[in-house]
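Please open the model in your viewer and keep the selection tool at hand, since this tour moves from one selection to the next and says what can be found at each stop.

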Amino acid sequence: MRRHAPALAIVLAILVASTLLARVLGERIPLHEGFGFEAHSIYRPIVEELPQRLTERSIDAYSIQRLLPFAAAHVALRALGRPLDGPHILLFFDIWNIAMLALAALVWVRLGEHLALSRAGTWLGLVGLLGSFAALKLAPYYPANIDTTALLLGMLLLFTWVRRRPGLLLATSLVGLTVWPTTLPVGLLLILLPPGTRLPTRAGPIPLGPALAAAAVAATWGAFGWALLSGYGVPPGLAAPVPWLLPVSFLAVGAWLVAGLLPLARDGDEPSSDGWPWPSLARWVMAAGLVAAWLLLTRGLAAPGPPR
């Protein structure tokens with residue numbers, strides 16, 4: 001860990017400098033006092049009125065799965081005796097985003113040590129994760145968002161999975177239910193399929209790679225097709241889909257899924273399982289607990305009805 005301390009210090013200095021530079025230059029999204037779109041209409045009111053929103057169950061089932069950073073803003077500003085106004089909320093998120101990215105860098109370094117990565121490999125990972133538009137530009141420009149928190153969550157899920165810590169993996173997944181809506185399926189897969197799980201190379205008569213690719217394409221096309229036909233998920237104020245671009249988008253997404261999933265289960269030198277792996281009872285119990293927590297969050301605590 002000590003040998004990577006200079007790298008972590010450099011990363012932290014760059015993150016702080018990029019945030020300060022954005023403030024000095026006034027580079028902030030110009031809409032709604034720097035809150036942009038959904039942060040203004042959905043999440044700023046949550047920061048300002050968190051107890052009422054929870055007791056009245058006025059947070060929809062989608063937004064409540066992105067609650068954690070905004071709840072943290074409310075609690076921190078209240079604890080410090082600061083007003084819950086726009087400038088203080090944005091200042092909180094400037095600091096929060098730096099902390100999330102710095103912690104993500106720390107988790108990456110620990111992961112690299114576990115995987116015995118070289119110094120060059122560790123630096124390459126840090127540059128790839130944090131030397132990007134999303135980390136150095138978008139976070140200071142549009143601070144009231146959950147992207148940096150989600151990055152840290154993903155790093156922690158990977159770290160606890162690789163380190164074979166199912167208890168910590170479950171705990172991270174439970175916290176992640178209030179950060180990113182796709183935590184549930186990702187957490188279930190990581191809990192039920194620990195490192196070293198050998199999958200079969202065939203799904204019946206069909207090779208597993210094409211079967212996975214076809215299933216993913218069919219599910220994605222079906223979900224987006226249903227959403228577009230039903231008008232679901234297009235909030236007021238957003239531009240309507242461009243009809244002639246839809247087929248192009250569907251084909252591009254399908255091609256990307258096929259290209260990414262085909263190599264996952266090719267026949268090769270690695271031994272494969274004769275059948276699908278069956279997780280242990282303990283892992284099934286943890287998976288059931290994660291699903292129960294998701295149902296409690298989205299059905300018990302969120303507003304009734306479909307997400308807006």
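A salt bridge, as the term is used on this tour, is a side-chain nitrogen of Lys or Arg within 4 Å of a carboxyl oxygen of Asp or Glu. Side chains of opposite charge can pair when their charged atoms come close. Keep in mind throughout that the model is predicted.

**The whole chain**

Begin with the protein chain in a cartoon view, where 13 helices and two strands can be traced. Of its 308 residues, 37% count as buried, and the chain exposes about 17200 Å², with carbon and sulfur atoms supplying 71% of that area. If you display contacts between residues at least 6 apart in sequence, 76% of them join residues at least 24 apart.

**Helix 5 and a pair within it**

Now select helix 5, residues 86–114, which has 29 residues and reaches 42 Å from its first C-alpha to its last, close to the 42 Å expected at 1.5 Å a residue. Within this helix, show the side chains of E113 and R110, which form a salt bridge whose closest N and O atoms are 3.7 Å apart. How many residues separate E113 and R110 along helix 5? They are three residues apart, about one turn of the helix. An α-helix has 3.6 residues a turn, so residues three or four places apart point the same way. E113 counts as partly exposed because its relative accessibility is 29%, and R110 is also partly exposed, at 37%.

Move on to A116, just after helix 5, in the loop between helix 5 and helix 6. Its phi is near 60 degrees, a positive value in a residue other than glycine. With 65% relative accessibility, A116 counts as exposed.

**Salt bridges at the loop between helix 1 and helix 2**

The structure holds six salt bridges, and the next stop shows one of them, formed by R28 and D94, with the closest N and O atoms 3.1 Å apart. This pair links distant parts of the chain, as R28 sits in the loop between helix 1 and helix 2 while D94 belongs to helix 5, 66 residues apart. Are R28 and D94 buried or exposed? Both of these residues are buried.

Stay in the loop and select E33 together with R44, whose side chains meet in a salt bridge of 3.0 Å, N to O. Here too distant parts of the chain are linked, with R44 in helix 2 and E33 in the loop between helix 1 and helix 2, 11 residues apart. The two partners differ in their surroundings: R44 is buried, because its relative accessible area is 15%, whereas E33, with 58%, is exposed. Add E48 to the selection, and you have a network of salt bridges that links E33, R44 and E48.

Before leaving this loop, look at H32, which also has its place there. Phi of H32 is near 55 degrees, a positive value in a residue other than glycine, and the residue counts as partly exposed, at 40% relative accessibility.

**The nonpolar core**

Turn next to the interior and select I46, L67, F70 and F93, which touch the most other members among the 60 residues of the largest nonpolar core. Helix 5 returns here, as it gives the largest share of this core, 14 residues. Center the view on F70 and, leaving aside its neighbours within four places in sequence, look for its contacts with Y43, I46, V47, F93, A144, N145 and I146.

**A buried glycine**

Select G176, which lies in helix 9, residues 166–176. G176 is buried, because its relative accessible area is 0%. Apart from neighbours within four places in sequence, G176 is in contact with L153 and T183. The C-alpha atoms of G176 and A150 are separated by 7.9 Å, although these residues are 26 apart along the chain.

**A nonpolar patch on the surface**

For the last stop, switch to a surface view and color I10, I14, W123 and V127, which make a nonpolar surface patch of about 340 Å². The elements that give two or more residues to this patch are helix 1, residues 5–25, and helix 6, residues 119–130. Finish at I14, which lies in helix 1 and counts as partly exposed because its relative accessibility is 42%.

Note on methods. Residues numbered from 1 in each chain as written. Predicted model: local features only at pLDDT ≥ 70, side-chain atom pairs only at ≥ 80, totals over all residues. Heavy atoms only, no water. Patch = residues over 30% accessible without salt bridge, like charges linked within 9 Å, V, L, I, M, F, W, Y side chains within 5 Å. Areas by Shrake-Rupley, 256 points an atom, 1.4 Å probe, with all protein chains shown as cover. Helix = DSSP H or I, 4+ residues; strand = E, 2+ residues; numbered from the N terminus. Buried < 20%, exposed > 50% of the residue type's maximum accessible area, 1.4 Å probe, protein only. Expected span 1.5 Å × (residues − 1). Core = buried A, V, L, I, M, F, W, Y, C linked by side-chain atoms within 4.5 Å. Contact = heavy atoms within 4.5 Å.
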